[in-house]
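Subject: Structure handover

Hello,

Here is the structure for you to take over. Please load it first, then read the notes underneath.

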Amino acid sequence: MVNYNSQAPRIYGLVKNHKPNNPLSPVVSFIDSPTYGTSKYLTEILNQIVDGKYNVKDSFELIHKIKDIHLPPTYRLISLDVSALFTNIPVDLALECILTEWERVKTVTKLNQKEFIELFSLCCKEGYFLFNNQVYSMQDGVAMGSPCAPIIADITMNKVLDDIMNQIDFNIPFLFKYVDDLLLAIPEDKSEVIMHIFNNYHPKLKFSIEIEQDNKIPFLDTLIIRENNQLITDWYRKPIRSDVYLNFHSHHPLSQKVNTALGLKYRALKLSDPRFHKKNLKIVKNILIKNAFPPKLANSILYSTKQRTVDSWKNKNQTTEQNCFKSMVYIKGLSETLGRTVQSNNMKVVFSNRHNLGKMVFSNMKQQMDPMNKRNVIYKIPCADCDSVYVGQTSQQIKKRIGQHRNDIRKSTAQCALAKHAIENRHGFNFNNTKIIDRECNYKKRLMKEMLYIKSEGRACNYRTRG
């Protein structure tokens, strides 16, 4: 929970390409912020006591829950969506819920009630962020990007739904929630009543409604169809979809490309009623061909009888739980052979790429941090009087580490190789030309990288290069 080298949270925007005029969705990066560790700690505690009676974790669970539901003929399906939930969350409602459930909360934390509420209020109500070197304070809600935002939204929405369900005087067969999206069935003449109740619950929470059309309504990536008062589903793709997946000519192992296609196939089949399988397989084939898959390979993936069944796909993780995974950088023509040589029965080798679209194509929307404020870095400092360099690593902000180097030289205390080189040779170091050469949060990996950079320099004055 303690952070000695914190950074101010920084706000940036993600473009909503599917909306008119491409508005930005504001996100605040809380990594290394003063309350980052505290927020994660509180979130872990609250996750253990939150009531998930309305929640569905994904489309597969939704299908499982609605498969045996029979709707009365006069009922209709609707979905409700909260406008900008995170930034409009009534935090006081979440605090009220925690106080109500304190008997359960105290069983999973050593904090007393006063301490817990004070920390929770600090993380939620004292939000601030940096933009163009100006500090702003959040007036309402919780920033998207805060570690505690999802759990606060979950707690608050549960409270809202509990209160609203107690106000409704007609039967609702089911109500499912996925973050800020709600799916429920109501009498066909009660849509205005429902909207009035939901939108009058709290001035900050505003709901929009979508009513089924032609006995169909989309929710998540399923299309729910009401047929003879029973509910069946089909795989649903939004109109704004791009159908861009892993291109067959991309720099990835063939196994990843095949598994991407298989994942798409089994998702399309698992989310749909068997009567839609033939149609959905044709859609998947067109998607694969659009992503440069050879038609023959696409047919083999989609129509081969040797592949696992749809039902076995959902249990695919059960066969790999005991496996240890090791990651290697993918090099075409080498990695496959090396992977087969290294892997064993209880260890699997997976491949990753150092270059991705996020780094090579898309713009970085975050405000750039001052390099001297970065931490968990490997850096090098050139000597001002010879061609030597010093390579070091630090978990601190690099400006603090440079300050320590300056103090060691000034006090003639050879605490590290840099100070020893400067004192013994009466040389100076060009601290203004300090260069960050890598960044690594894992301490052991950072030490390993530091050693490799020292060896690669050839002229480093570090101790371990001598002898």
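Below are the findings, from the whole chain down to its pocket, its cavity and one loop residue.

First, a caution: this is a predicted model. Please read every value below as computed from that model.

Overall picture

The chain has 467 residues, and 42% of them are buried. It holds 16 helices and 16 strands. The C-alpha trace spans about 90 × 60 × 45 Å along its principal axes.

Contacts reach across the sequence. Take the contacts between residues at least 6 apart: 65% of these join residues at least 24 apart.

The exposed surface comes to about 26900 Å². Carbon and sulfur atoms account for 51% of that area.

On charge, the chain carries 67 positive and 44 negative charges. Their mean positions lie 11 Å apart.

The largest pocket

This one may be your starting point. The largest pocket has a volume of about 1300 Å³. Its lining counts 31 residues. Which of them lie nearest its centre? They are H18, K19, D81, D181 and K238.

Strands feature in the lining. Five of them supply at least two residues each: β2 (24-29), β3 (75-82), β7 (181-187), β8 (207-211) and β9 (216-219). The largest share comes from β3, with four residues. Two of the residues nearest the centre can be placed by number: D81 falls within the 75-82 range of β3, and D181 is at the start of β7 (181-187).

The cavity

How many cavities of 30 Å³ or more does a search of the whole structure find? The search finds one. The largest cavity holds about 30 Å³ of space. Its lining consists of F30, C123, C124, G127, M138, G141, V142, A143 and S146.

One loop residue

E126 sits in the loop between α5 (113-125) and β4 (128-131). Is E126 buried or exposed? E126 counts as exposed because its relative accessible area is 52%, and the cut-off for exposed is over 50%.

E126 also has a link to the cavity region by sequence. G127, a lining residue of the largest cavity, comes right after E126 in the numbering. V142 is another residue of that lining. The C-alpha atoms of E126 and V142 are separated by 9.5 Å, with their positions 16 residues apart along the chain.

That covers the handover.

Best wishes

Methods
Predicted model: local features only at pLDDT ≥ 70, side-chain atom pairs only at ≥ 80, totals over all residues. Heavy atoms only, no water. Buried < 20%, exposed > 50% of the residue type's maximum accessible area, 1.4 Å probe, protein only. Contact = heavy atoms within 4.5 Å. Areas by Shrake-Rupley, 256 points an atom, 1.4 Å probe, with all protein chains shown as cover. Lys, Arg positive; Asp, Glu negative; His and termini not counted. Charge placed at Lys NZ, Arg CZ, Asp CG, Glu CD. 1 Å grid on protein atoms, 1.4 Å probe; cavity = no way out; pocket = protein on both sides within 12 Å on 5 of 7 lines; lining within 4 Å. Points joined across faces, edges and corners; volume = space filled by probe spheres on them.
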